[in-house]
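Let's walk through this structure together, starting with one loop and then stepping back to the whole chain. Keep the viewer open as you read.

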Amino acid sequence: MKPFQLSKIIAALWNPKEEIDKLDLYTGDTVFLLSSDLVNLGNHIRIIKKKGFKVFLDIDFCEGLGNGEYAFRYATLQGVDGIITVKPKMIEIANSYGVPNVLRSFALDSNSLLRINEMLTNINPMFLEILPGSAFPKVYNYLKANRLKTDDMIAAGLIETKEETNSLFQCGAKAISTSQTQLWQ
């Protein structure tokens, strides 16, 4: 798979119908489309791409899409540049097609660290996204101590200030996904 670069700050859209116009303020090149539906997906992607952005779809939150290879293929036919998912099987499918992917993982407790470790050992996501952002430093240090891949990690969730973003970059985050428009520049 060829190298794929993400913006350092990634615009995250939860309500594309209301938020797409806010992308005019965004200075990066990658948008995480976190919510859509089967009927509007193609239109959302076209509008975002027309503005000049790469689009990663959270395939798990596309109403009516389902999951599995056909859902993945449908999303790629609509023009997504990559997918976001919590499902290891979807990462395997994306890898088999050479499509950039983000494995989203919630770091809620020490068992979460073991699960992340297990997933990274068994599958090879292009990027690993850790939520909430405040847990990112612990996960990063844990993975680094266990000699697992830490160079393509994204912090997301509950990141609201420039100070938080700067701290996360210092802790090893390659990128930060946020819906906070004041952080998009």
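A good place to begin is Pro 132, which sits in the loop between strand 8 (127–131) and helix 6 (136–145). The peptide bond leading from Leu 131 into Pro 132 is cis, with omega near -15°. Helices and strands here are DSSP runs numbered from the N terminus, with H or I over at least four residues for a helix and E over at least two for a strand.

Before going further, a word on the ground rules: this is a predicted model, in which local features need pLDDT of at least 70 and side-chain atom pairs count only at pLDDT 80 or more, while totals for chains, interfaces and linings use all residues. Residues are numbered from 1 along each chain as its sequence is written, and side-chain values use heavy atoms, leaving out hydrogens and water.

Moving along the chain, you reach Arg 147 in the loop between helix 6 and strand 9 (153–156). Its phi is near 55°, a positive value in a residue other than glycine. Arg 147 counts as exposed because its relative accessible area is 79%; the cut-offs are over 50% for exposed, under 20% for buried and partly exposed in between, with a 1.4 Å probe and protein chains only. Next comes Leu 158, in the loop between strand 9 and helix 7 (162–170). Leu 158 also has a positive phi, near 60°, and with 67% relative accessibility it is exposed.

Is Ser 36 buried or exposed? At 6% relative accessibility, Ser 36 is buried. This residue belongs to strand 3 (residues 36–37). Its side chain makes a polar contact of 2.8 Å with the side chain of His 44; such a contact is a pair of N or O atoms within 3.5 Å, where within protein one must be able to donate a hydrogen and the other to accept it, and residues adjacent in sequence count only if both atoms are side-chain atoms. Setting aside neighbours within four places in sequence, Ser 36 is in contact (heavy atoms within 4.5 Å) with Leu 41, His 44, Phe 61, Cys 62 and Glu 63.

Now zoom out. The chain holds 7 helices and 10 strands, and 49% of its 185 residues count as buried. Among contacts with a separation of 6 or more, 57% join residues 24 or more positions apart. Along its principal axes, the C-alpha trace spans about 45 × 35 × 30 Å.
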